[in-house]
Amino acid sequence: MKQLQPTTQYRKDLKRYKNQPSKLQALAEVLVMLKNERPIPVEYKPHMLHGDYRGCLECHIQGDFLLIWFDDTSDVIQLVRVGSHSELFG
């Protein structure tokens with residue numbers, strides 16, 4: 001089992017969604033998968049990123065609600081960002 005380590009930016013991003021329980025519930029389900037080292041299902045479109053987020057992974061939790069994380073070979077997964085495309089890449 002891996003440990004999840006949220007970055008300061010991830011925590012700030014998450015605050016924007018505190019009044020959207022369906023998105024937070026969907027995010028929690030993905031975080032359980034990451035923590036338990038289960039593969040992210042194809043319908044979440046998990047993929048590697050390049051550019052500013054080179055080396056990070058991204059998945060679509062709900063439509064335009066994305067999670068970006070960094071998972072190296074250690075026991076820690078760094079939660080980098082959460083939000084929409086325009087918030088994260090705009």
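E37 is partly exposed in this predicted model, with a relative accessible area of 47%. Its backbone is worth a second look, for E37 has a positive phi of about 60° although it is not a glycine. E37 sits in the loop that links helix α2, residues 21-35, to strand β2, residues 47-48. The loop between α2 and β2 also holds K45. K45, too, is not a glycine and yet has a positive phi, here of about 50°. With a relative accessibility of 53%, K45 counts as exposed, because the cut-off for that word is over 50%. The value of 47% for E37 falls under that cut-off, so E37 is described as partly exposed.

With these two loop residues in place, the whole chain can be considered. The protein chain contains 3 helices and 5 strands. Read from the N terminus, these elements follow the order β-α-α-β-β-β-β-α. A compact globule of 90 residues would have a radius of gyration near 12 Å, and the value for the protein chain, 12 Å, agrees with this. Along the principal axes, the C-alpha atoms fill a box of roughly 30 × 30 × 25 Å. Of the 90 residues, 38% count as buried. The accessible surface of the chain comes to about 5,600 Å², and carbon and sulfur atoms account for 52% of that area. Among contacts between residues at least 6 apart in sequence, 45% join residues at least 24 apart. As for charge, the chain carries 12 positive and 11 negative side chains, and the centres of the two sets lie 7 Å apart.

How are the strands arranged? The 5 strands make up an open sheet with mixed pairing, in the order β1-β5-β4-β3-β2. Strands β1 and β2 stand at the edges with a single partner strand each, so one side of each has no neighbour in the sheet. A reader following the sheet in the 3D view can start at β1, residues 3-6, which pairs with β5 in the parallel sense over 4 bridges. Two of the residue partners can be named here: L4 has I77 as its bridge partner in β5, and P6 has L79.

Strand β5 itself spans residues 76-83 and is mostly covered, with 6 of its 8 residues buried. On from β5 in the sheet order comes β4. Strand β4, residues 65-71, pairs with β5 in the antiparallel sense over 6 bridges. Across this pairing, L66 has G83 as its bridge partner in β5, while W69 stands opposite L79. L79 therefore has a named partner in β1, P6, as well as one in β4, W69. The two strands β4 and β5 form a hairpin, with 4 residues between them. Strand β4 is largely enclosed by the rest of the structure, because 5 of its 7 residues are buried.

The next pairing in the sheet joins β4 to β3, residues 57-62, through 5 bridges, and these strands run antiparallel. Here H60 stands opposite L66 in β4. L66 thus appears again, having already been named as the partner of G83 in β5. Strands β3 and β4 form a hairpin as well, with 2 residues between them. In the turn of this hairpin, G63 has a positive phi of about 50°.

A final residue leads back to the start of the chain. T7 lies in the loop between β1 and α1, the helix of residues 8-15. Is T7 buried or exposed? T7 is buried, because its relative accessible area of 18% is under the 20% cut-off. Leaving aside residues up to four places away in sequence, T7 touches Q78, L79 and V80. These contacts place T7 against β5, the strand of residues 76-83.

Conventions: Residues numbered from 1 in each chain as written. Predicted model: local features only at pLDDT ≥ 70, side-chain atom pairs only at ≥ 80, totals over all residues. Heavy atoms only, no water. Buried < 20%, exposed > 50% of the residue type's maximum accessible area, 1.4 Å probe, protein only. Rg over C-alpha atoms; globule rule 2.2 N^0.38 Å. Contact = heavy atoms within 4.5 Å. Areas by Shrake-Rupley, 256 points an atom, 1.4 Å probe, with all protein chains shown as cover. Lys, Arg positive; Asp, Glu negative; His and termini not counted. Charge placed at Lys NZ, Arg CZ, Asp CG, Glu CD.
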